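Open the model in your viewer and keep a selection box ready. The stops below say what to pick and what sits there.

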Amino acid sequence: MREKRLVLLPFLLAVTVSFSQPKVLMAKRTDHAPKIDGDLADSCWLTAPVAKEFIQNFPDFGKPASQKTEVRILYDDRAIYVGAYLYDDPSLIRHQLTARDGELRQDVDYFSVFLDTYNDHQNGFQFTVTAANVQSDARLGPNMTLDYGEYGDKTWDAVWSSNVGIKKDGWVVEMRIPYISLRFSKKDEQDWGMQLLRSTRRNNETTFWSPVDPHVNGFVNQFGLLQNLEHITPPLRLSFSPYITTGYQSLPEDGGYTHTWLHNGGMDVKYGINESFTLDATLIPDYGQVVSDDIINNLSPFEVKFQENRPFFTEGTELFNKAGLFYSRRVGAVPPGYYTVKDSVSASPNLTIVKNPSVTQLYNAIKISGRTRRKLGVGFFNAVTAPMYAIIQNKLTEKDERFETAPLTNYNILVLDQALRGRSYVTFTNTNVMRNGNERDANVTGIDVALYDKKNVHAFTGAARYSKIFGSEQYDGFNAMLRYGKVSGNWQYYLMNNIESDRYDPTDLGYLEAPNEVLYRGNIGYTQFTPTKKFLTYSYSFQPRLLYSYKPYAFSRLDLVAVGSWVFKNFWDISLSSIVTPMPAHDYFELRTPGRYLSYPFNYIAEISGSTDSRKKTFVSYDFVWAHAPKFENTYYQVSLGLRYRFTKRFTLDLSGVRTDERNQLGYAFIRETNGDPIVGFRTNTAVTSVLSGIYNFTSRINLTVRARHYWNKVKYTSFYDVNTDGSIKSRPFIMNNDENVNVFNLDAFLTWDFRLGSRLIIGWKNRIGDNQYVDGSRYNNYLDNFRQTFELLHGNEATVKFIYFLDYNQFRKKH
């Protein structure tokens with residue numbers, strides 16, 4: 001036994017040293033750029049050093065990759081070139097066609113290169129190519145919230161070229177990443193952080209060139225090094241993307257239709273101010289060709305937060321989003337006076353709307369961002385929106401009157417982000433909104449700090465924010481947060497405190513669900529990162545959270561949360577969670593009345609969710625929730641099912657449905673007594689959402705996507721109550737005609753052709769239920785009846801064509 005220990009000791013030491021020391025690859029300059037054809041036959045590849053010996057990250061961390069991979073890196077004055085030979089049995093290579101940035105959980109193998117061009121261990125770029133030569137790219141940052149398998153913000157799109165080739169013993173990837181798609185310092189010699197990833201779909205194996213230990217917090221900090229890049233000069237980064245759109249729109253109006261020809265034109269511009277900083281500008285943008293919002297009937301006291309789908313506001317905004325003070329949907333939102341005009345006209349039979357735009361026109365927007373050689377990130381954002389006007393006609397006099405629904409508005413963000421040693425950083429953020437005339441203006445300033453110890457095991461994070469509203473309104477508020485925890489290892493924990501004063505308000509350019517809260521929260525959890533006899537991985541956590549109102553400082557609620565999740569050897573997964581609220585909760589928001597609260601009794605929630613093996617043609621996901629509050633005989637359940645079926649490597653359909661049903665739900669009834677006191681009611685609240693989406697990929701650059709969504713919500717009140725000052729309720733007479741029956745339907749279809757690098761042709765069609773179109777809830781009580789009746793209503797239609805052409809100044813200069 002002693003001899004065996006002596007033999008194993010050097011091996012263990014070697015493994016430990018190899019995992020703790022970053023891998024290094026020497027960069028090789030070439031005088032003759034390789035042809036990007038998916039074949040490594042160019043002689044220049046033979047002289048390049050080879051990166052190999054990849055290590056598994058999943059499913060069995062630490063083991064050598066099951067398949068051999070060899071990667072070579074070249075560079076010249078214009079670009080980085082990547083050549084990867086991924087050895088494998090050609091018959092086993094998965095090569096489903098997907099949308100750009102859509103390779104995750106699909107039946108496709110892929111390869112990625114990551115570049116940390118400032119070597120700050122926090123930020124970087126990702127470039128991915130699938131076995132079907134579909135591209136994906138992303139920007140990496142230190143505190144992004146990402147799904148499993150994602151490493152950065154995929155809304156960022158760069159212009160670069162790639163090709164793949166299937167060989168008798170594997171497949172080949174070639175990439176050309178021009179310097180115009182990167183940002184780096186101007187130095188005679190520099191080292192970049194670099195990582196290489198290979199994903200083999202048939203066994204769900206993810207391997208890295210430089211080992212990525214799941215026990216260690218962070219990703220970019222585990223990169224290897226690409227050394228000895230000499231005399232590369234950041235190019236003049238100047239490109240233009242002019243566009244034109246045309247189309248036709250018909251909308252139901254007063255029992256008929258209004259018809260409008262659509263036409264617009266504008267341009268996006270990228271300009272490299274210097275080697276590190278880039279100016280992005282959009283002039284007269286058109287965002288008609290984006291997926292429709294998932295509108296719901298919102299009974300909660302909190303604003304619905306919609307996903308951002310406009311390209312300019314999703315690409316390269318990781319620096320502006322770092323402090324969480326930028327909700328880009330504020331820019332170009334629905335004019336504040338839009339609904340006021342609609343309500344005024346609906347209340348008078350003698351008035352009709354001639355014009356009432358539902359979207360604020362964006363004049364222009366710019367982003368300036370970059371990072372200095374001293375690792376200081378700087379970002380500046382500015383957008384200007386036009387004043388918007390509604391026109392109302394008096395039917396009796398036939399005279400028109402114009403009303404301003406939104407003033408001329410200027411939005412600004414300034415960010416200074418200093419990367420410190422290791423993964424630490426300090427960030428300053430300021431947002432400012434100025435409106436024309438005597439309107440509300442706003443300013444918010446925030447400081448964010450993250451400090452990690454030398455071993456990256458423990459971390460302290462903190463934030464302080466101050467908001468000031470001035471102009472037509474005058475008030476201010478603050479937010480402060482402190483958190484300390486163990487962030488690496490199997491056992492992890494944290495303690496945190498977050499305070500939001502009653503007048504803290506960042507919502508002119510940011511999003512806040514609710515101020516006036518003091519939150520105490522903790523978490524302790526264990527994660528098994530390496531396989532056991534039955535599981536690939538599993539985790540358990542316990543998360544108590546205690547909530548107080550800030551003003552008055554009073555108890556709100558206590559939740560005890562327990563979560564467990566497991567991934568089985570067959571790649572099925574399951575999660576179980578429970579939430580117990582052991583004492584009555586005081587909800588200070590439901591009544592929409594300052595200082596008043598509604599008391600909810602003891603309740604508990606149980607949830608089970610999971611999914612099947614996503615490698616299969618048929619993939620199923622599910623989520624079941626059950627909750628109960630015995631005192632009110634309140635019962636809630638939710639059933640969510642998702643089905644994805646892959647018909648061929650080109651065609652995939654997804655069908656998902658969610659049904660929620662709550663009996664004896666107690667909530668604000670959106671009516672008040674004559675003295676202004678809020679009225680609440682018990683109600684039955686049923687909601688069903690169905691989404692059918694599909695994609696057909698003609699080639700790696702041409703696809704058709706379709707998404708249809710129907711949402712139905714029926715609210716039926718059974719009794720009404722006044723609320724006492726102690727949060728309890730007392731009965732009052734029944735109120736008629738307060739029930740609701742809401743239907744929303746949207747259909748979005750887009751044919752997209754990336755006919756040239758950076759250039760695109762999009763043909764779109766959108767259909768939706770028109771305004772003031774309703775299904776009679778007293779006649780149609782169930783989901784299927786409501787679904788059928790939506791097609792009896794008047795629908796609006798919009799067909800558009802958009803042409804975008806990418807022009808790179810460097811290519812133009814080279815040709816001329």
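The tour of this predicted model goes from its nonpolar cores to its aromatic pairs, one helix, two buried polar side chains and some unusual backbone spots.

**Stop 1: the cores**

Select Phe111, Phe127 and Met175, the residues with the most contacts inside the largest nonpolar core, which has 38 residues. Then colour β5 (69-75), β6 (79-87), β7 (110-116), β8 (124-130), β11 (170-178), β12 (189-200) and β14 (224-230); each of these strands supplies at least two residues of this core.

Stay on Phe127 and show its surroundings. Leaving aside neighbours within four places in sequence, Phe127 is in contact with residues including Phe111, Val113, Trp156, Trp160, Met175, Ile177 and Leu182. Polar residues are on the contact list too, among them Ser112, Ser136, Asp137 and Ser181.

Now move to Val331, Phe381, Val415 and Leu509, which are among the 16 residues of a second, separate core.

**Stop 2: aromatic rings**

How many aromatic pairs does a search of the whole structure find? The count is 52. Begin with Phe320 and Phe381: the ring centres are 6.2 Å apart and the planes stand at 65°, so this pair is edge-to-face. Phe320 is in the loop between α2 (311-314) and α3 (338-346), while Phe381 is in strand β20 (residues 376-385); with these positions 61 residues apart, the pair links distant parts of the chain. Phe320 and Phe381 are both buried.

Next, select Tyr548 and Phe555. Their ring centres lie 6.0 Å apart with planes at 90°, so this pair is also edge-to-face. Tyr548 is partly exposed, with a relative accessible area of 21%, whereas Phe555 is buried at 19%. The two values fall on either side of the cut-off, since buried means under 20% relative accessible area.

For a group of rings, select Phe114, Tyr151, Phe208, Phe219 and Phe223, which form one aromatic cluster.

Two rings have a basic side chain over the face. Lys367 lies over Phe312, at 4.3 Å from the ring centre. Arg402 lies over Tyr389, at 3.8 Å from the ring centre.

**Stop 3: helix α3**

Show α3 and select Tyr338, Val341 and Val345, which are buried. Which side of α3 do they take? They lie on the same side, because they cover an arc of only 70° around the axis. An α-helix has 3.6 residues a turn, so residues three or four places apart point the same way. To see what covers the buried residues of α3, add β18 (351-355), β21 (388-394) and β22 (399-406), which are included in that cover.

**Stop 4: two buried polar side chains**

Go to Arg709 in strand β40 (residues 702-723). Is Arg709 buried or exposed? At 4% relative accessibility, Arg709 counts as buried. A polar atom of its side chain lies 3.0 Å from the backbone oxygen of Ile295. Not counting residues up to four places away in sequence, Arg709 touches residues including Asp293, Asp294, Ile295 and Ile296, as well as Thr689, Ser690 and Val691. Val744, Phe745 and Asn746 are also among the residues touched by Arg709.

Then select Asn603 in strand β35 (residues 603-611). Asn603 counts as buried, at 17% relative accessibility. Its side chain reaches the backbone oxygen of Pro601 at 3.1 Å. Leaving out residues up to four places away in sequence, Asn603 touches Ile579, Val580, Thr581, His628 and Ala629.

**Stop 5: backbone spots**

Most residues other than glycine have a negative phi, and most peptide bonds are trans. The next selections depart from that.

- Phe58 and Pro59 are joined by a cis peptide bond with omega about 10°; Pro59 lies in the loop between β4 (55-58) and β5.
- Lys551 and Pro552 are joined by a cis peptide bond with omega about 0°; Pro552 is in the loop between β30 (535-549) and β31 (554-568).
- Asn133 has a positive phi of about 60° and sits in the loop between β8 and β9 (135-140). At 18% relative accessibility, Asn133 counts as buried.
- Phe670 has a positive phi near 65° and lies in strand β38 (residues 651-672). At 38% relative accessibility, Phe670 counts as partly exposed.

Definitions and conventions: Residues numbered from 1 in each chain as written. Predicted model: local features only at pLDDT ≥ 70, side-chain atom pairs only at ≥ 80, totals over all residues. Heavy atoms only, no water. Helix = DSSP H or I, 4+ residues; strand = E, 2+ residues; numbered from the N terminus. Buried < 20%, exposed > 50% of the residue type's maximum accessible area, 1.4 Å probe, protein only. Polar contact = N/O pair within 3.5 Å; in protein donor to acceptor, adjacent residues only side chain to side chain. Contact = heavy atoms within 4.5 Å. Core = buried A, V, L, I, M, F, W, Y, C linked by side-chain atoms within 4.5 Å. Phe/Tyr/Trp six-rings, centres within 6.5 Å; stacked < 30°, edge-to-face > 60°. Lys NZ or Arg CZ within 6 Å of the ring centre and 35° of its normal. Arc of directions from axis to C-beta.
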